[in-house]
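User: I'm new to this one and would like to learn how to read it. Could you walk me through it step by step?

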Amino acid sequence: MEIEWTTYDPGEFYDEMISSPGNPRRAARAIAGYLQKLSARQLGRRQNAADLAIAEMGVTFTVYSEGANIDRTWPFDIIPRIIPLREWSRIEEGLEQRMTALNMFIHDLYHEQKVITDGIVPKKLISGSKSFLPQCIDASPRFNVWAHICGSDLVRDRDGTLYVLEDNLRVPSGVSYMIENRSITKRVFPELFRKHRILPVDDYPAHLFDMLASLSPRPLDYPEIVVMTPGIYNSAYFEHAYLAQQMGAELVEGGDLVVDDDDCVYMKTIDGLQRVDVIYRRVNDEFLDPEAFREDSTLGVRGLMRAWRAGNVALANAPGAGVADDKVIYTYVPDIIKYYLDQDPIIPNVPSWRCADKAQREYVLANLDQLVVKPANESGGYGMLVGPHASAVERGKFANLIKRNPRNYIAQPTLGLSTAPTICGQHVEPRHLDLRPFILQSDRTYVTAGGLTRVALRKGSLVVNSSQGGGSKDTWIVDTGGN
Amino acid sequence: MLSRVAERLYWMARYLERAENTARLVKVFSSMMLDLPNGVGLNWRQLVDVSGAHEYFDRNYRSSGERNVIKYMLSDTNTHGSVISSLAMARENIRTTRDLVPSEGWEHVNELYLFARKKLTGKTYLKDRHEFLSEIVMRCQQITGLLAGTMSHGPAYQFVRVGRNLERADMTTRMIDVGSATLIVPGVELERLENRLWTYVLRSLSAHQMYRQYVRRRIQPDQVLAFLLQNMVFPRAVAHTLGEIATCFEDHLPHSEEPLRAVLRLQRLVAEADAEKLHAGGLHDFIDLLQLEFGNLHQLISGTWFSLELDEAV
């Protein structure tokens, strides 16, 4: 399994490591040279060391394998994905710009709706969105920020252009993998960390804590912050527990909290009731409060929305923030950025067709075999059609779905996602990947250095989701000095 | 500390202790059945009675032969008393409180459960029962030791300690109840039989050696009884477990007045017991009374720390 860059060929795709066979990109030059010097045995030994490290920590991931709906350990590839700091700084700015505009947009939607009266976003789109929550109208979260934690998925097309593929403004997950991946590569390639300037990622929990603390309705030195989980059977439970532990916050379930007559939230402790200031909730909107949303929810807290609206507790993300990660709204984000910030978007959207528009819909229906069709309100790759890989029957089914409910669908060209060298058995081969950076926003904005790189391990596959044969890589933002 | 978490740690410790004690019980009982002559009046059925769930047993099993009783005690997943259920419950409780327990604690409990499940699905445990049960006991003790040695002894640990000791007190009294069985074998002197029985009771609690060191006399039923009820330093003696619980309440946990009062009452009850008289008659009723009080104590613990008033109103 020796790496020979001259025979490594990503073909028509943009490769993150090399610019052409035999020629590593500037920021990746040192690591490419280093990897090439390793013998097959040495490289194998590093991968084994990584697998062992994962198995050790793996207990924490694989324990749920007996129940249903439980995440498995992700395969991890030791070859890091390299992004030069210079490029990253620009992406960071772009993400901050995007989050700022999206938060202004959400706040506007729940107040004056100027964006609608000014004709930027059609009224029908909002009134028809199931993520627009009437229960949130006129609410004013601190700093007017609604989406405090965002995971935006970035992809790179053939020509090297980086696009935002989608924004996850509800309860994005994966950040714990980002941190774990780094701790593994540090064990596997310590010498590279000594020689290169690779930006750290393990300060995320500290930033998360500071951001959450800034939301506290009571100006205290030590606000009571809790992480609210749906419980052990949630696939991201490990992450909830991990973040709570790292922040020194209590990990609570709905049943641990109660809203008293004073509209404040309390947790039940062995000392009695204790007031809670900030809830980092990893429970979806509809289950948050049986009084306001789904009556049958056992995961939530009765009266939580009352307490939140009264300003007695902060919820991160705020309920209703999901209205802005609707796939149809996504197509308006460039206009939204322009409208609120009077700036051009730094990171472009993937060009998209809206099926609600007659002309665009007709184009989509005529070109289904070349397009990716996405429903407005699903995540994790569910309910999606990848035209070029679908059968005629599947395409026919989608054509009907689109005609029946055009508002619910958008279409995008099938992108040629960029690749990076990945260990596949005895060889190193190009595999497609994406990137999920995490953005924190309150009165300040923080963007992770890099994020979670997800890689499609099956040859030729473009699907990076863990449930569908995806794995992950560590992401290195490398400072090569100079400009 | 969250009430829910306190409750789970308490139950984790109880179930872990229960698994260990049930394994001890079956192990010693098995060997006793081999040693005592047939027809002494001791049978497998008594194991069911000790477990306190004879109604469940009678509903679900046709006869109380060895095979059925062993299955019920070890691998029946429908009752909380079996080894496998206890381990499953211990695992479930520790798995949801992992942020407070050292990660090795979780790993060992998880592995122990997987080990027991694997062993108990085959029928082999009937053959290598002794080794299997010894391993269960040893691994449970390892986990208890691990928690004692690596967990900060703050409130979280105190709930583990309370759970462990209450469960222990409960099992010790159940074992004493076994000793109260009347044995009749024609031609064999009653006293010798009885002494042998009490030796087994001591063994099942790992108390034989400590008894010898402490009492320095041959096994005598009333002495054994006094030792198991009233000894302050033997960890499985009822008086000792109650002392442990009282310390947890008094020194470490908030708002403990009511449960503490209940423990003090229990301590007095045990201290004032007259072993000689009890042995002569009324032992079974006395044990019943103690178990009733343990249940009562559990209710007070639960009401004080686990389910807050407001909870019921909501």
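User: How many residues do chain A and chain B each bring to their contact?

Analyst: Keep in mind that this is a predicted model. In general, the size of an interface is often given as the accessible area lost when the parts come together. Here we can count residues instead: chain A brings 21 residues to the contact and chain B brings 19 residues.

User: Which elements of chain B give two or more residues to the side that touches chain A?

Analyst: They are helix H1 (3–35), helix H6 (103–121) and helix H16 (309–313) of chain B. H1(B) gives the most, with 3 residues. Sorted by class, that side of chain B has 10 nonpolar, 3 polar and 6 charged residues.

User: What does the radius of gyration say about chain A?

Analyst: You compare the value with the one for a compact globule. With 483 residues, such a globule would have a radius near 23 Å, and chain A has 23 Å, so the two agree. Chain A has 15 helices and 23 strands, and 48% of its residues are buried.

User: Now a single residue: is A:Pro75 buried, exposed or partly exposed?

Analyst: You count the other C-beta atoms around the residue: 20 or more within 10 Å means buried, 12 or fewer means exposed. A:Pro75 has 16, so A:Pro75 is partly exposed.

User: Where is A:Pro75, and what is A:Pro75 in contact with?

Analyst: Look in the loop between helix H2 (40–62) and strand S3 (76–84) of chain A. Leaving aside neighbours within four places in sequence, A:Pro75 is in contact with A:Leu457 and A:Gly471.

Definitions and conventions
Residues numbered from 1 in each chain as written. Chains lettered and ligands numbered in written order. Predicted model: local features only at pLDDT ≥ 70, side-chain atom pairs only at ≥ 80, totals over all residues. Helix = DSSP H or I, 4+ residues; strand = E, 2+ residues; numbered from the N terminus. Rg over C-alpha atoms; globule rule 2.2 N^0.38 Å. Contact = placed C-beta atoms within 7 Å. Nonpolar A, V, L, I, M, F, W, Y, C, P; charged D, E, K, R; others polar.
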